[in-house]
Every structure is written in C-alpha cells, then in structure tokens.
Amino acid sequence: MFHVLSAAQFSKDEILEILHSASQMEAILEGPGFCELAKGKILAALFYEPSTRTRLSFETAMLRLGGGVISETDVTFSSITKGEVLPDTIRIVSNCADVIAMRSKTKGDAAIAAEYSSVPVLNGGDGSGEHPTQSLLDLYTISKEFDLESAMNVAFIGDMKYGRTVHSLTTMLRHFPNIKLQFIAPDALQIPDSYFQEGDLKQEALSDEIIANADVIYDTRIQKERFEDPAQYEKFKSVYIFDVEQVNKMKDSAILMHPLPRVNEITLAVDDLPQARYFQQAANGIPVRMALIAKALNLSA
Ligand code: CP
C-alpha cells in the first residue's frame with residue numbers, strides 16, 4: 001500500500017514520477033479544472049493541529065479529481081477527546097474512506113496510523129517530525145524554475161530544529177548531489193545532526209554573501225507552538241526579517257520560498273518583487289496532492 005509517511009521513503013525515480021504526474025494534474029487544472037479519475041472515492045482529512053494550506057489543498061485536490069471528502073478538523077469534536085486512541089480512530093476512519101490525509105501534534109503519529117489503517121495514509125505533518133507532501137510541492141516549485149541536476153545553492157533560513165518542512169525537503173534534495181545546502185539559524189534552532197552532511201554550511205549569521213549567492217532561499221517561521229518557554233520564542237522570532245532591501249540583494253534569477261504561514265519574517269512589500277514565489281509554491285500543493293492521491297488510489301491520468 002502506498003502510504004506517504006516520510007521524505008526518506010522516496011527514491012529519486014519515484015520523486016521524479018510524482019513531479020511528472022503533478023505537471024499532468026496541473027494541465028487538468030489549467031484546462032477543464034476537474035476530472036473524474038477519483039469518482040466514487042472518499043478522502044478523510046483528519047487534522048488535529050491547525051492548518052489552512054495542507055488541509056484545503058488535500059480537499060481541493062480530491063474534489064478536483066472528482067472524489068468526495070469527509071473531515072475531522074477540530075479535535076474537540078473528535079472521540080479522541082473522549083480518550084479514544086489513535087489506532088482505534090484510524091480503524092474506524094479507514095472503514096469510511098479510501099485514503100486518509102492527516103496532521104497531528106506528535107512525531108510518528110502518521111506511521112502509527114499507517115500500521116492500523118486498511119487504506120493509504122498521507123502525512124500532512126506530524127509534530128516537529130516531517131511534512132513530506134510539502135517537500136514534494138517544494139521540489140515541484142524548484143523544478144519549475146531550475147534543472148534539479150544543475151549546480152545551485154539552497155539556503156534554508158529560520159527554524160531548522162522544529163521546521164518539519166526543512167527536514168523533509170533536505171532529505172529529498174539529497175537525491176540531487178549538485179545542490180549545495182546551507183542552514184542559517186540561531187544555534188539553539190539549528191538543523192538536527194541527522195539531517196546535516198559534510199559539505200553543507202551551517203551558521204547563525206545571515207550574510208549578504210549568502211543572500212547574493214543563493215538560487216533558492218527557503219525562509220521559515222520560528223515555530224512558536226513547539227517552544228516550552230515563551231521567552232525563548234520571543235528571543236528568536238525576529239532574528240531574520242526579509243524586507244525589500246534584503247530581497248534586492250538576491251540574484252534576479254533567484255527565488256524566495258516559504259512554506260507559509262508567515263508571521264513577520266517576510267514583509268508584505270516583498271510580495272510584489274519578482275523573487276517572491278511563496279504563493280505560487282502554496283498553489284502547487286493542489287496538483288502535487290492530486291498526483292499523490294491518484295498514486296495512493298492506483299488511478300492513472
Ligand atoms: N505549509 C503548511 O503546512 O501550511 P498549513 O499549516 O496552513 O497547512
């Protein structure tokens with residue numbers, strides 16, 4: 001069964017196949033806007049942590065594929081609040097749906113769900129663990145601008161410790177050895193050792209040189225909800241701010257990405273600059289998730 005649990009599960013060929021399928025889905029979106037590939041199929045969206053983009057793009061993807069959607073979006077209205085354990089919930093939901101997209105507060109929950117589910121589980125973010133469907137849409141966004149086999153610099157900036165999108169995208173980028181990775185974060189929020197490799201750059205200071213040499217800047221939010229001590233969050237929340245002056249230091253051909261939501265790390269004026277790519281990046285979530293649902297359900301375009 002095709003579960004999506006971790007970026008590490010994907011071979012390079014499988015990633016490229018999904019990116020190709022996403023481009024076919026994008027053609028459907030740009031043409032008729034929908035199809036009937038998933039007619040009669042149901043997606044269950046179980047989102048036990050806040051989400052706008054991931055849940056709505058999964059739901060939109062299923063509706064554009066001609067399928068239906070059921071959802072639990074507020075844990076207070078779920079029997080989990082009465083003490084039901086995740087395996088029981090998943091057993092019940094997999095009787096109701098053909099595929100499950102889920103987000104939870106706890107790292108590893110998607111893997112537990114997959115163990116007990118009789119239908120594919122798509123991880124839409126498990127705590128500070130991973131967000132593999134986000135990294136596929138991130139890669140799709142990069143691949144629309146650059147040849148993934150060419151030499152380029154990708155600079156990750158912000159919260160590398162709790163930023164699950166960074167963890168998953170880093171893992172996928174390892175399949176493309178000409179891409180150099182740089183991690184710019186406060187020491188306390190640096191990339192975990194398990195994601196760091198010899199040849200990467202890791203430092204606290206965001207220099208003009210890094211901005212000027214980057215082909216992709218992947219900015220991230222400091223993940224307030226993961227901090228036990230609010231004072232620590234306050235200390236780090238404004239360490240890196242991308243304003244027009246900063247973005248003007250980037251190459252004309254470079255792109256500024258962000259998984260969103262942003263809080264204060266990119267000023268609104270940057271949205272109008274040619275390097276800003278984060279809204280297009282979010283929009284790419286729909287064709288990529290259409291491709292993943294189609295693969296999970298063994299549907300062919
Ligand atoms: N990028 C992302 O995961 O956004 P949401 O939290 O809104 O789903």
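Trainee: How many disulfides does a search of the whole structure find?
Mentor: This is a predicted model. Two cysteines show the range of settings: Cys35 is buried at 15% relative accessible area, and Cys96 is partly exposed at 44%. A disulfide needs two cysteine sulfur atoms within 2.5 Å. The search of the whole structure finds zero.

Trainee: In what order do the five strands of the open sheet run?
Mentor: The pairing in this sheet is parallel. Its edge strands are strand 7 (201-203) and strand 9 (255-257), each pairing on one side only. From one strand to the next, the twist averages 15 degrees. The order is 7-6-5-8-9.

Trainee: Which residue is the bridge partner of Val154 in strand 8?
Mentor: Strand 5 covers residues 152-157, and strand 8 covers residues 216-219. The two run parallel, joined by four bridges. In strand 8, the partner of Val154 is Val216.

Trainee: Which strands stand at the edges of the four-strand sheet?
Mentor: This open sheet has the order 2-1-3-4, with parallel pairing. An edge strand has a single partner strand, so one side is left without a neighbour in the sheet. The edges are strand 2 (68-72) and strand 4 (121-126).

Trainee: What is the bridge partner of Ala45 in strand 3?
Mentor: Strand 1 (residues 42-47) pairs with strand 3 (residues 99-104). Five bridges join them in the parallel sense. In strand 3, the partner of Ala45 is Ala101.

Trainee: What angle does the direction of helix 3 make with that of strand 3?
Mentor: Helix 3 spans residues 86-96 and packs on the sheet. The helix touches strand 1, strand 2 and strand 3. Its direction and that of strand 3 make about 150 degrees.

Trainee: How many residues apart in sequence are the parts tied together by Arg277 and Glu145?
Mentor: Their side chains meet in a salt bridge, 2.6 Å from N to O. Arg277 lies in the loop between strand 9 and helix 10 (278-283), while Glu145 lies in the loop between helix 5 (132-143) and strand 5. The pair therefore ties together parts separated in sequence by 132 residues.

Trainee: Is Arg277 buried or exposed?
Mentor: Buried means under 20% relative accessible area. Its partner Glu145, at 35%, counts as partly exposed. Arg277 has 16%, so Arg277 is buried.

Trainee: Which residue forms a salt bridge with Asp200?
Mentor: Asp200 sits in the loop between strand 6 and strand 7, and the partner in the loop between helix 6 (164-173) and strand 6, 26 residues apart. Asp200 is buried at 14% relative accessibility. The partner is partly exposed, at 26%. The closest N and O atoms are 2.7 Å apart, and the partner is Arg174.

Trainee: Where does Tyr195 lie?
Mentor: Tyr195 is buried, with a relative accessible area of 18%. Beyond its sequence neighbours within four places, its contacts include Arg174 and Asp200. Glu130 and His167 are also among them. Tyr195 lies in the loop between strand 6 (179-184) and strand 7.

Trainee: How far apart in space are Tyr195 and Ser150?
Mentor: In sequence they are 45 residues apart. From C-alpha to C-alpha, the separation in space is 22 Å.

Trainee: What is the relative accessible area of Asp215?
Mentor: Asp215 forms a salt bridge with Lys251, with the closest N and O atoms 2.8 Å apart. The pair links distant parts of the chain, 36 residues apart. Lys251 counts as partly exposed at 31%. Asp215 is buried, at 10%.

Trainee: Which side chain of opposite charge is nearest to Arg289?
Mentor: Arg289 is in helix 11 (residues 285-296). Outside its neighbours within four places in sequence, its contacts include Arg53, Phe58, His131 and Leu137. A salt bridge needs nitrogen and oxygen within 4 Å. Arg289 is buried without a salt bridge, and 7.9 Å away is the nearest opposite charge, Asp138.

Trainee: How many salt bridges does a search of the whole structure find?
Mentor: Side chains of opposite charge can pair when their charged atoms come close. Here Glu14, Glu17 and Lys295 are linked in a network of salt bridges. The search of the whole structure finds 16.

Technical notes: Residues numbered from 1 in each chain as written. Predicted model: local features only at pLDDT ≥ 70, side-chain atom pairs only at ≥ 80, totals over all residues. Heavy atoms only, no water. Buried < 20%, exposed > 50% of the residue type's maximum accessible area, 1.4 Å probe, protein only. Lys, Arg positive; Asp, Glu negative; His and termini not counted. Contact = heavy atoms within 4.5 Å. Pairing = 2+ DSSP bridges. Axes fitted to C-alpha atoms, helices over the stretch in contact; angles between N-to-C directions.
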